[in-house]
Amino acid sequence: MADRLQVKPYLDLRAETQARDRGLHEKVMSLEEAAALVHDGDHVAIGGCTMSRTPMAMIWALIRQGRRNLIASRSIMSNEGDLLLASGVSSHVVTSWFSQGIVWGISKVMRLHVETGKARFDEWSHMSMGLRYRAGAMGVPFLPTRSMMGSDVGKRAESETREMTCPFTGDQLVLLPALNPDVAIIHVQRADSYGNAQIDGLPFMDMDIAMAASKVILTTERLIDNAQIRRAPDRTRIPFFTTDAVVEVPFGCAPHECYGTYEPFFDQMNDYAKLVSADPDKGAARYLKNHFYDTATWEDYLERFGTAAMLDASRRGRSIYDD
Amino acid sequence: MMTDKSAYTASELLAVMSARLLDDGQIVFAGVGIPLLAVTLAQRLHAPSLTILFEGGVIGPFVVPGELPPSTNEQRCTRKANMVLPITDVMLLLQRGYIDIGFMGGAQIDRYGNLNSSFIGDPDKPKTRLPGTGGGNDISSLTNMIVAMKHEKRRFVPEVDFVTSPGFLSGGTSRADAGLVTGGMFRVVTDLALMGFDGENRQMKVLALHQGVSRDQVLNNTGFDLAFDDELTETEPPSADELAVLRKLDPEQLYTA
């Protein structure tokens, strides 16, 4: 399965792209229909970073549908990574950092799965993750970097990287292999039905993973008209022809944040951390049961957090525009 | 005699001492926790035109007191920023050479300033899997580093279990030989002392002790032979002014408990 992470032959990549439906037409569907576009064994790149613009609703749907053997990659993983491991959806993550967040300490769920050998955690430097996606987005097999050298992070990745002496300067460089994910799942503030997306605030690596991936599933806080996109095309960050599915999901990152819309649900993140710290195995299972398996709809899921938590998070989220 | 622990916490001491190392006009790439707090403190005290860069993709923010971000990737990091941009592009500014100082916390450090935030024990059968590098490997590979951490024997080890973020590797010219031709460890700030690195052998050495800290106290909390600079000095304890500004920044002691 790890061969999914090998650099794709260029002509295959081009042929795949040529074969994709790149027309300007409606791609709106339900969470369940969109989740069905992800297949067992796929390499899924997750948009956002740490607790920001995490496509939680899509992860909720994938976990509920019982997808298996996904390779999950992300710039930095927070507790959505815990849930992918604990649910059995993935046992292989590729990222630069993995824990809920520094103020909550080290993820006990990640520790349990990685230390017992149940899961594989490929560690790359943050810039290397970004350059790998960017190489994929650029249609080149690798990008050079001056990072990752001399360290054990570099050594541990040696089977996948190459060293190079620059033909112009003689400088030592490391070559990072391109990532072209099978699917990118990305949450945005606004998208139209064709899959043009606007992103407010920090864009993280989302443009690159959208361009690099063979398939893009967008979830969006709001579905807007294409006329609104065309009124401010400079705000479009992801173009329609990379997009395969658009799902309108308000509070689609909860309990994580969506810039300008809601901040993290801190009390609920504390509760989660407490639950899994006490017993990472049973705690995560209980969380998955309560919040994922026993909630038939996204509205049910949000009700578990409650109106007060949603209002508080959204009041804090919108306060960014007070300055 | 120990430092007067009742006057300030160890974390507050770290934040104040590291803030003092930053100069006005510098561009500083800061991690979350003490580094974020220290750069913000420096901005509010002696370095109003210091520019903060956050890994999440932020150039030049002013973090709002009492609204500290839980990582460098949330909207709280972007308050009054000059620009937001993709993560990859803000990291590439390190490679391009725009950054004066990289500033991080550390879990485990060795005599050459190599940092480990990946594994305790054998990486193939780890006793503890730590969160990993994040941007640490890139920052320490590509610029001059300040590290702020608690001074404990289990953290100051002869050789780290795993080099997540490279310091001077095995000393001498080994860092440059490995291809890392720029940057390196500049200062290590702890609750006991301020340390730098020898220009030749690249080993850590104590430059200054905090008030009331003895040489023995430092040695007893260090897992390797630590040299003392010939011109060893003593730092000024945090002033009332520094502590007042700091406590306004972090009233809930999110980072300074």
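This report covers three local features of a predicted model: a strand of chain A, an arginine of chain A and a helix of chain B.

In this predicted model, local features need pLDDT of at least 70, side-chain atom pairs count only at pLDDT 80 or more, and totals for chains, interfaces and linings use all residues. Residues are numbered from 1 along each chain as its sequence is written, chains are lettered from A and ligands numbered from 1 in the order in which they are written, and side-chain values use heavy atoms, with hydrogens and water left out.

**Strand 3 of chain A**

Five of the six residues of strand 3 (residues 90–95) of chain A are buried (under 20% relative accessible area, 1.4 Å probe, protein chains only). Helices (H or I, at least four residues) and strands (E, at least two) are DSSP runs, numbered from the N terminus. Two strands pair if DSSP finds at least two bridges between them.

| Partner of strand 3 of chain A | Pairing | Opposite residues |
|---|---|---|
| Strand 2 (residues 70–73) of chain A | parallel, four bridges | Ile71(A) and His92(A) |
| Strand 4 (residues 120–123) of chain A | parallel, four bridges | Val93(A) and Phe121(A) |

**Arg20(A)**

Arg20(A) lies in the loop between helix 1 (10–19) and helix 2 (31–35) of chain A. Arg20(A) is buried, at a relative accessible area of 17%. A polar atom of its side chain is 2.9 Å from the backbone oxygen of Ser214(A).

**Helix 7 of chain B**

In helix 7 (residues 240–249) of chain B, the buried residues are Glu242(B), Leu243(B), Val245(B), Leu246(B) and Leu249(B). Seen down the helix axis, these fall within an arc of 165° (taken from the directions from the axis to the C-beta atoms), so they line one face of helix 7 of chain B.

Methods
Buried < 20%, exposed > 50% of the residue type's maximum accessible area, 1.4 Å probe, protein only. Polar contact = N/O pair within 3.5 Å; in protein donor to acceptor, adjacent residues only side chain to side chain.
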